[in-house]
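Welcome! Please work through a few short exercises with the structure open beside you. Try each task before you read its solution.

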Amino acid sequence: MSWLGKMIGGTIGLALGGPLGAVAGAAFGHAFVDKREDEYLRSIPGGKRTGLSSNEEAQLVFFTAAFSMLAKISKADGRISEEEIKVVERFMVNDLQLDQASRETAKNIFRNAVTSSQSFEDFARQFYSVFKYQANIIELMMDVLLRVSSADGNISDVEEQMLLSASHIFKFSQSDYNRLHSRYVKKSDPYYAILKCDENASNEEIKKKYRTLVQEYHPDKIQAKGLPEEFVKFATDKFTEIQDAYEHIRKRRGF
């Protein structure tokens, strides 16, 4: 995330505003309160801070919202388990491919959000206001929230309520939520869940859903939308996952 280099001290809060701005301001302020600020200011004309592009602002919202919401839902049952921490760290490395500096900043956001007076729903609403037209990003957020919630082998009642609240705020359909939920809560055929189909769906319905998802998650399409480079990695992995699921179902059904 090269845009992290532009985040100097508490000024990040001004770039975001709202509940995410409060958390990010504190987190980035801690992360960059060193000589890098002077070096950065000397590197630009007049020594003035530059602003963020719209794409960089969107990246910042996702980055801050993700770790803020993960912090709240991890703490929802009273304690943050080792299993939850491991899932969050895998999300940093495998999904977002964050370097060490970015991971430390993500941890700062997480720690600040745990004790923040802002609610999980506050963070979710600000996130949705930016990504409401990006269904694949909404799904990624729901996916990682479910991953962390189920990390210890069980989703508590309070975690379930937060997940349902996020689903409502994100206007995530009940059927999509149920299919995603089934991937982490009970043993079911994961291939149908990946394609967002029921096991009793017709061959034609499966083919149609496959074509739709392939179009939606094609990496070239993600890049064309100007979305963050980290999302291209996610889209590529998702694209491969969709293709693998379709091939398993196609061979099993013989079409």
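The exercises below start with the whole chain and then turn to single helices and residues.

**Exercise 1. The whole protein**

Task: Find how many helices and strands the protein has, and which stretch has pLDDT under 50.

Solution:
- Step 1. Keep in mind that this is a predicted model. Its mean pLDDT is 81, and 82% of the residues reach 70 or more.
- Step 2. Now look for the weak stretch. Over residues 31-50, pLDDT stays under 50, and the model has 22 contacts there beyond four places in sequence.
- Step 3. Count the secondary structure: there are 14 helices and zero strands.
- Step 4. Turn to burial and contacts. Of the 255 residues, 50% are buried. Among contacts with a separation of 6 or more, 72% join residues that are 24 or more positions apart.

**Exercise 2. The nonpolar core**

Task: Work out which helix gives the most residues to the largest nonpolar core, and what Phe62 touches.

Solution:
- Step 1. Begin with the core itself. The largest nonpolar core has 72 residues, and those with the most contacts inside it are Phe62, Phe67, Met69, Phe127, Met141, Phe170 and Leu195.
- Step 2. Helix α4, residues 54-75, gives the most to this core, with 12 residues.
- Step 3. Take Phe62 and leave out residues up to four places away in sequence. Phe62 then touches Phe91, Leu96, Phe127, Phe131, Ile137, Leu140, Met141 and Phe231.

**Exercise 3. Two helices that cross**

Task: Describe how α5 and α8 meet: at what angle do their axes cross, and which residues take part?

Solution:
- Step 1. Locate α5 at residues 82-95 and α8 at residues 135-149. Their axes come within 9 Å and cross at roughly 145°.
- Step 2. List the residues in contact. From α5 come Glu84, Val87, Val88, Phe91 and Asp95, and they meet Leu140, Val144, Arg147 and Val148 of α8.
- Step 3. Sort these residues by class: six are nonpolar, none is polar and three are charged.

**Exercise 4. Ser68 and Val23**

Task: Decide whether Ser68 is buried or exposed, do likewise for Val23, and find what each one touches.

Solution:
- Step 1. Ser68 lies in helix α4. Its relative accessibility is 0%, so Ser68 counts as buried.
- Step 2. Leaving out residues up to four places away in sequence, Ser68 touches Leu20, Val23, Ile109, Ala113 and Phe123.
- Step 3. Val23 is in helix α2, residues 18-31. Val23 counts as buried because its relative accessibility is 3%.
- Step 4. Beyond its neighbours within four places, Val23 is in contact with Ser68, Ile109, Asn112, Ala113, Ser116 and Phe123.
- Step 5. Two of these names, Ile109 and Ala113, are among the buried residues of α6. Helix α6 runs over residues 100-114 and reaches 21 Å from its first C-alpha to its last, close to the 21 Å expected.
- Step 6. Compare sequence with space: Val23 and Val114 are 91 residues apart in sequence, and their C-alpha atoms are 9.7 Å apart.

**Exercise 5. Helix α9 and what follows**

Task: Find which residues of α9 are buried and what covers them, then look at Lys171, just after the helix.

Solution:
- Step 1. Helix α9 has 13 residues, 157-169, and reaches 18 Å from its first C-alpha to its last, close to the 18 Å expected.
- Step 2. The buried residues in α9 are Glu159, Glu160, Met162, Leu163, Ser165, Ala166, Ser167 and Ile169. Their cover includes α4, α5, α7, α8 and α10.
- Step 3. Lys171 lies in the loop between α9 and α10. Although Lys171 is not a glycine, it has a positive phi of about 55°.
- Step 4. To put that in context, most residues other than glycine have a negative phi.
- Step 5. With a relative accessibility of 65%, over the 50% cut-off, Lys171 counts as exposed.

**Exercise 6. The loop between α11 and α12**

Task: Find whether Lys196 is buried or exposed, and what Glu199 touches.

Solution:
- Step 1. Lys196 is in the loop between α11 and α12, and its phi is positive, near 60°.
- Step 2. Its relative accessibility is 14%, so Lys196 counts as buried.
- Step 3. Glu199 is also found in the loop between α11 and α12. Beyond residues up to four places away in sequence, Glu199 touches Asp189, Tyr192 and Arg253.
- Step 4. Glu199 and Ile249 are 50 residues apart in sequence and 9.6 Å apart in space, C-alpha to C-alpha.

Methods:
Residues numbered from 1 in each chain as written. Predicted model: local features only at pLDDT ≥ 70, side-chain atom pairs only at ≥ 80, totals over all residues. Heavy atoms only, no water. Axes fitted to C-alpha atoms, helices over the stretch in contact; angles between N-to-C directions. Helix = DSSP H or I, 4+ residues; strand = E, 2+ residues; numbered from the N terminus. Contact = heavy atoms within 4.5 Å. Nonpolar A, V, L, I, M, F, W, Y, C, P; charged D, E, K, R; others polar. Core = buried A, V, L, I, M, F, W, Y, C linked by side-chain atoms within 4.5 Å. Buried < 20%, exposed > 50% of the residue type's maximum accessible area, 1.4 Å probe, protein only. Expected span 1.5 Å × (residues − 1). pLDDT = per-residue confidence, 0-100.
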